[in-house]
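Q: I have a chain in front of me and would like to learn how to read it, one feature at a time. Could we go through it together?

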Amino acid sequence: MSDTRYAPPPGPDAPARPGTLGDANTTPVPDAPDAPGTGFAGRLRRALEPLPDDAGAADVWRALGRGGITAALYASGHPDGPVDLDRLGALLAALDARGDNGVTLSVLVQTASALPLLANAPGERCATARARVLAGDARVALAATDEGAPGSDLTALTTRVAVRGGQLALDGGKRWITNALGAGYLLVLARQRPGRHFTGFSWVLVPADTPGVTVTPADTSLLARSGTGHLRFDGVRLTPDHMVGRPGRALADFARHMATERIAGAYWAVALTSRVLRATQDRLAHRAADGRPLWQNPVVRRDFAACLVRVTQLRALLDTVTRRVTADRDLAWAGLLKAAVGLEADAVLSRCAELQGADGMAAGGAHRIRAEAAVLGIGGGATDLMLAQVADRAETFLDGLGAHP
């Protein structure tokens, strides 16, 4: 997931239809009634069922593409249409049920951010890359977090792109990039002009096998199948048609799609915490203390119930924020949701890990899940940064509490 502090005010984007979040001037295609067994849920199940439990991100992405699932996430069948948030949430829940957080993260970043950003790019080269990624034949890494700047401060990044002799010259580096390992394409945020103004940045589509590109694995055992790694660009030369979208629009486009990623992260957080709560309740029911199941201990039951309330509240907030963002294009609410995800997911997973006792230390147990889920409080905007933005908009949120639908 990406990490940014820049969030310009929303432009004059037209509201998308309920349940979608898309660009202005896009006419959604209404869903036709599904024949029995041919709905999105059925197609999703058929796409994932043949995969082994240990299938990697590339295999999962290929299955989703060839099963038509990835295309079905967008109202027009292509990523230039509004994102169907209900379907995206269903996809992330199905992936989370497989229990591989790295794979889920890999898919989330591509569907919620990378593909929609790539959809804005005109030209045959970008269209070819977009078609390959959408079909599952290639993956794309969203490379925003810079090695030369704090992760949350994109306006301070040092990766640069310049036009020299009719070519693009790209130099710099990116760190902690999901899908860096194994991606066919790198969607790189680079500085095109000096200064911190938000119009000084552009996106560049870089084939991963371009001379001068170096990819190294990140030094972590967490989220192993996410393909997280570091990127270096040393004297990378590309033709001008590798530029994505209009020059100077990179951060504005990124901020618009960031709302989708934050909503997607909340869907994943609800699915993940619900899964861990179910596993915790099962363990408590089958572990005894003083001859009684731990589930009958009133203190344990109280703490479990408090966790359940937290997750239920998070789900209710997700539904409320989704309506506000899709109807009003108020991206500030997406930031509030992101802050809630970082706070509530960690609180619930921490308590579940404690309630599971020694079982939580097992391979793939609650302590491992909690450590991997920390990405929910980092990617897409760190929790402390989101809280600062919530404080900046305190009056807006307080007024919203008194508003009725």
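The dialogue below takes up confidence, overall make-up, several residues and a cavity in turn.

Q: Before I look at any detail, what should I know about where this model comes from, and what does its pLDDT average over the chain?

A: This is a predicted model, and a careful reader begins with the confidence values. Over the chain the pLDDT averages 87, and 87% of the residues score at least 70.

Q: Where does pLDDT stay under 50, and how should I treat such places?

A: The general idea is that where pLDDT is low, the predicted coordinates should not be read in detail. In this structure pLDDT stays under 50 over residues 2-18, although the model has 55 contacts there beyond four places in sequence. Residues 23-33 also stay under 50, and for that stretch the model has 18 contacts beyond four places in sequence.

Q: How many helices and strands does the chain have, and how much of it is buried?

A: The secondary structure comes to twelve helices and twelve strands, while buried residues make up 52% of the 405 residues in the chain. One can also ask how far apart in sequence the touching residues are: among the contacts with a separation of 6 or more, 75% are between residues 24 or more positions apart.

Q: Let me try single residues. Where is T280, and is it buried or exposed?

A: It helps to take the position first, then the accessibility, then the partners. T280 is found in helix α7, which covers residues 250-286, and T280 counts as buried because its relative accessible area is 1%, where the cut-off is under 20%. A polar atom of the T280 side chain lies 2.7 Å from the backbone oxygen of V276. Beyond four places in sequence, T280 is in contact with F304, C352, L355 and Q356.

Q: Which residues does L284 contact, and is L284 buried or exposed?

A: L284 also has its place in helix α7, and its relative accessibility of 3% is why L284 counts as buried. Once the neighbours within four places in sequence are set aside, the contacts of L284 are P293, L294, W295, V300, F304 and L355. F304 and L355 thus appear for L284 and in the list for T280 as well. The C-alpha atoms of L284 and F304 are separated by 9.9 Å, with their positions 20 residues apart along the chain.

Q: Which residues have a positive phi although they are not glycine?

A: Phi is a backbone angle that can be read residue by residue, and two cases can be set side by side. L223 is not a glycine, yet has a positive phi of about 50°, and L223 is found in the loop between β8 (213-217) and β9 (229-238). D290, likewise a residue other than glycine, has a phi near 55° and lies in the loop between β11 (288-289) and β12 (292-293). Their surroundings can then be compared: L223 counts as buried because its relative accessibility is 12%, whereas D290 is exposed, with a relative accessible area of 84%.

Q: What does L223 touch, and where does E372 fit in?

A: Leaving out residues up to four places away in sequence, L223 touches N101, G102, L105, R368, E372 and V375. The C-alpha atoms of L223 and I369 are separated by 9.3 Å, although the two residues are 146 residues apart along the chain. E372 is placed in helix α10, residues 366-373, and counts as buried because its relative accessibility is 9%. The side chains of E372 and N101 are joined by a polar contact of 2.9 Å. Besides N101, the contacts of E372 beyond four places in sequence are L222, L223 and A224.

Q: How many cavities of 30 Å³ or more are there, and what lines the second largest?

A: In general, rolling a probe the size of a water molecule over the atoms shows where empty space is left. This structure holds four cavities of 30 Å³ or more, and the second largest has about 50 Å³ of space. Its lining is formed by D53, A55, L95, R98, D100, V103 and T104, which divide into three nonpolar, one polar and three charged residues.

Key
Residues numbered from 1 in each chain as written. Predicted model: local features only at pLDDT ≥ 70, side-chain atom pairs only at ≥ 80, totals over all residues. Heavy atoms only, no water. pLDDT = per-residue confidence, 0-100. Contact = heavy atoms within 4.5 Å. Helix = DSSP H or I, 4+ residues; strand = E, 2+ residues; numbered from the N terminus. Buried < 20%, exposed > 50% of the residue type's maximum accessible area, 1.4 Å probe, protein only. Polar contact = N/O pair within 3.5 Å; in protein donor to acceptor, adjacent residues only side chain to side chain. 1 Å grid on protein atoms, 1.4 Å probe; cavity = no way out; pocket = protein on both sides within 12 Å on 5 of 7 lines; lining within 4 Å. Points joined across faces, edges and corners; volume = space filled by probe spheres on them. Nonpolar A, V, L, I, M, F, W, Y, C, P; charged D, E, K, R; others polar.
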